[in-house]
Amino acid sequence: QVQLVESGGGLVQAGGSLRLSCAASGSIFSLNTMGWYRQAPGNQRELVAQVPSGSSTKYADSVKGRFTISRDNAKNTVYLQMNSLKPEDTAVYYCNAELVTTAQRLLEYWGQGTQVTVSS
């Protein structure tokens, strides 16, 4: 069993910052790609940022230069530092991880989601 537990969402004024964290725990053999997605009301879930294991990061055009994704492999944790937030960044943010379990199965997991609300 694997769990992704997110934290760090909340309400912030436009121009402010938030830092999201997502810790993976359980029967993990190795973590591959970790990332953040978001879903605003009426919209599809979209990729925000990804950090593959040992490869370069990937960002949505809408967040480039404002958001930074990083990971701490020792803690099985991925972070999303969000600066210069805009009202259009308001969404539920989901952590995503592709990993190999101790049973040697390649699986994808999602966190429960954390609300980010940016007021104008």
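What share of the contacts in the protein with a separation of 6 or more comes from residues 24 or more positions apart? The answer is 55%. Welcome to this structure, which is a predicted model.

## The overall picture

Let us begin with the chain as a whole. The protein holds eleven strands and zero helices, so reading from the N terminus the elements run β-β-β-β-β-β-β-β-β-β-β. Its radius of gyration is 14 Å, close to the 14 Å that the globule rule gives for 120 residues, so the protein is as compact as a globular protein of that length. The C-alpha trace spans about 45 × 25 × 25 Å along its principal axes.

Next comes the surface. Of the 120 residues, 42% count as buried. The protein exposes about 6,300 Å², and carbon and sulfur atoms supply 45% of that area. As for charge, there are 10 positive and 8 negative side chains. The centres of these two sets lie 3 Å apart.

## The disulfide

Where might you look for a covalent link between side chains? A search of the whole structure finds one disulfide. Cys22 and Cys95 form it, with their sulfur atoms 2.1 Å apart. The pair links distant parts of the chain: Cys22 sits in strand E3 (residues 18-26) and Cys95 in strand E9 (residues 91-101), 73 residues apart. The link of Cys22 and Cys95 is left-handed, with -80 degrees about the S-S bond.

Are the two cysteines buried or exposed? Cys22 has 0% relative accessibility, so Cys22 counts as buried. Cys95 also has 0% relative accessibility and therefore counts as buried.

## Three residues to visit

The table sets out three residues, each with its strand and its relative accessibility.

| Residue | Strand | Relative accessibility | Class |
|---|---|---|---|
| Met82 | E8 (residues 77-82) | 0% | buried |
| Asn32 | E4 (residues 28-39) | 24% | partly exposed |
| Gln13 | E2 (residues 10-13) | 61% | exposed |

Start with Met82 in strand E8. Met82 counts as buried because its relative accessibility is 0%. Leaving aside neighbours within four places in sequence, Met82 is in contact with Gly16, Ser17, Leu18, Leu20, Arg66, Phe67, Tyr93 and Val116. For a sense of distance, Met82 and Gly35 are 47 residues apart along the chain, and their C-alpha atoms are separated by 14 Å.

Now move to Asn32, found in strand E4. With a relative accessible area of 24%, Asn32 is partly exposed. Which residues does Asn32 contact, leaving aside its neighbours within four places in sequence? They are Val51, Pro52, Ser53, Arg71, Glu98, Leu99, Val100 and Leu106. Asn32 and Tyr93 are 61 residues apart in sequence, and 20 Å separates them in space, C-alpha to C-alpha.

The last stop is Gln13, in strand E2. Its relative accessibility is 61%, so Gln13 counts as exposed. Setting aside neighbours within four places in sequence, Gln13 is in contact with Val118 and Ser119. Gln13 and Glu88 are 75 residues apart along the chain, and their C-alpha atoms are separated by 12 Å.

## Looking back

To find your way around again, you can return to the eleven strands, the disulfide of Cys22 and Cys95, and the three residues of the table: Met82, which is buried, Asn32, which is partly exposed, and Gln13, which is exposed.

Technical notes. Residues numbered from 1 in each chain as written. Predicted model: local features only at pLDDT ≥ 70, side-chain atom pairs only at ≥ 80, totals over all residues. Heavy atoms only, no water. Disulfide = S-S within 2.5 Å. Helix = DSSP H or I, 4+ residues; strand = E, 2+ residues; numbered from the N terminus. Buried < 20%, exposed > 50% of the residue type's maximum accessible area, 1.4 Å probe, protein only. Rg over C-alpha atoms; globule rule 2.2 N^0.38 Å. Contact = heavy atoms within 4.5 Å. Areas by Shrake-Rupley, 256 points an atom, 1.4 Å probe, with all protein chains shown as cover. Lys, Arg positive; Asp, Glu negative; His and termini not counted. Charge placed at Lys NZ, Arg CZ, Asp CG, Glu CD.
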